[in-house]
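Visitor: Please take me through one part of this model at close range. I would also like to know how far its coordinates can be trusted.

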Amino acid sequence: MSTAQPAGWQAIQAEVLRRVHAREWPPGHVIPGEIDLAVEFGCARATVNRALQALADEGILERRRKAGTRVAKFPVGRAVLDIPVIRQDIKERGLAYDYRLSHRSVAEPDVDLAARLRTTKPALHIRAVHLADGIPFVLEDRWINLQTVPQAKTQSFEDLSANEWLLHTVPYTKIDVSLSAEAASAEDAPLLGLAPGKPVFTIERTTWDHVASVTFVTLTYAPGFALRTQIGG
């Protein structure tokens with residue numbers, strides 16, 4: 001970014017965010033120092049500091065004294081709600097983790113899904129079961145918007161779940177979440193080792209990169225699941 005006038009902190013913030021979302025600065029990448037950025041943008045170091053701190057407060061950047069500033073590995077939204085890595089969640093419960101992919105295809109979304117993803121273009125459909133100590137823990141039924149995340153089309157997701165791959169690879173700016181108690185469907189129940197109609201807990205979540213959808217997922221948890229979260233520091 002170049003300008004004849006010194007850049008304001010909002011302009012610097014917007015450019016840094018653009019580089020993060022364009023993957024010029026991928027997750028974990030150490031970005032240039034404040035002095036170098038001040039030279040690039042033709043402004044005071046304090047102006048750069050304000051822009052970077054604002055992005056750090058949003059969870060996009062991580063700042064550590066003497067270690068520099070890097071792009072967060074799981075950018076954005078953490079002050080509101082974490083999207084957990086299911087594998088880590090299971091291991092933190094002291095249970096052995098396993099993962100089984102049961103379905104992968106590219107298909108056109110139906111009317112309801114097209115409304116959720118805001119696209120009628122073909123999307124990647126993934127169905128997989130995450131297991132804890134060999135017992136089904138959660139069924140991940142996910143659609144990935146290939147217009148936003150075209151690189152997902154080349155991923156097999158046989159060894160690494162879409163949940164974990166997305167969190168490591170694709171930044172998000174907001175999420176929409178719905179929580180509900182449901183009866184296990186005839187299609188889902190066998191994958192969870194349940195009889196149809198058994199009560200399950202579901203989370204429906206749409207992840208966004210600004211106005212573009214990234215993914216819509218339904219997570220169906222087997223009986224006994226307890227949702228864990230934290231409010232405040």
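Guide: Let's begin with a caution: over residues 76–81, pLDDT (the predictor's confidence in each residue, from 0 to 100) stays under 50, and the model has 14 contacts (heavy atoms within 4.5 Å) beyond four places in sequence for this stretch. Where pLDDT is low, the predicted coordinates should not be read in detail. This is a predicted model, in which local features need pLDDT of at least 70, side-chain atom pairs count only at pLDDT 80 or more, and totals for chains, interfaces and linings use all residues. Residues are numbered from 1 along each chain as its sequence is written, and side-chain values use heavy atoms, leaving out hydrogens and water.

The wider picture is friendlier: the chain has an average pLDDT of 88, with 91% of its residues scoring at least 70. Strand 4 has the highest confidence, at 98, while helix 1 (residues 9–21) has the lowest, with a mean of 87. In total there are 6 helices and 8 strands, taken as DSSP runs numbered from the N terminus (H or I, at least four residues, for helices; E, at least two, for strands).

The part to look at closely is an open sheet of 6 strands, ordered 3-4-5-8-7-6 and paired antiparallel; strands pair if DSSP finds at least two bridges between them. Strand 3 (97–107) and strand 6 are the edge strands, each pairing on one side only. From one strand to the next, the twist averages 15°. Within the sheet, 9 bridges hold strand 4 and strand 5 in antiparallel pairing, and one place to find them is Leu-131, whose bridge partner in strand 5 is Pro-136. Helix 6 (residues 162–169) packs on this sheet and touches strand 3, strand 5, strand 7 and strand 8, its direction making about 55° with that of strand 5 (axes are lines fitted to C-alpha atoms, for helices over the stretch in contact, and angles run from 0 to 180 degrees between N-to-C directions).

Now for the spaces. On a 1 Å grid over the protein atoms alone, a cavity is a set of points where a 1.4 Å probe fits but cannot get out; a pocket is an open set with protein on both sides within 12 Å along at least five of seven lines, and lining residues have an atom within 4 Å of a point. The model has 1 cavity of 30 Å³ or more, with about 90 Å³ of space (the volume filled by probe spheres set on points joined across faces, edges and corners). Its lining includes Arg-142, Asn-163, Leu-166, Leu-167, Arg-205 and Val-214. Helix 6, strand 7 and strand 8 each give two or more residues to that lining, and helix 6 has the largest share, 3 residues.

The second largest pocket has a volume of about 340 Å³. It is lined by 19 residues, and Asp-141, Trp-143, Glu-204, Phe-216 and Thr-218 are the closest to its centre. Helix 5 (111–117), strand 4 (123–132), strand 5 (135–144), strand 6 (174–183), strand 7 (199–209) and strand 8 (212–221) each supply at least two lining residues.

The linings can be set side by side. Counting Ala, Val, Leu, Ile, Met, Phe, Trp, Tyr, Cys and Pro as nonpolar, Asp, Glu, Lys and Arg as charged, and the others, Gly among them, as polar, the cavity has 6 nonpolar, 3 polar and 2 charged residues, and the pocket has 4 nonpolar, 6 polar and 9 charged.
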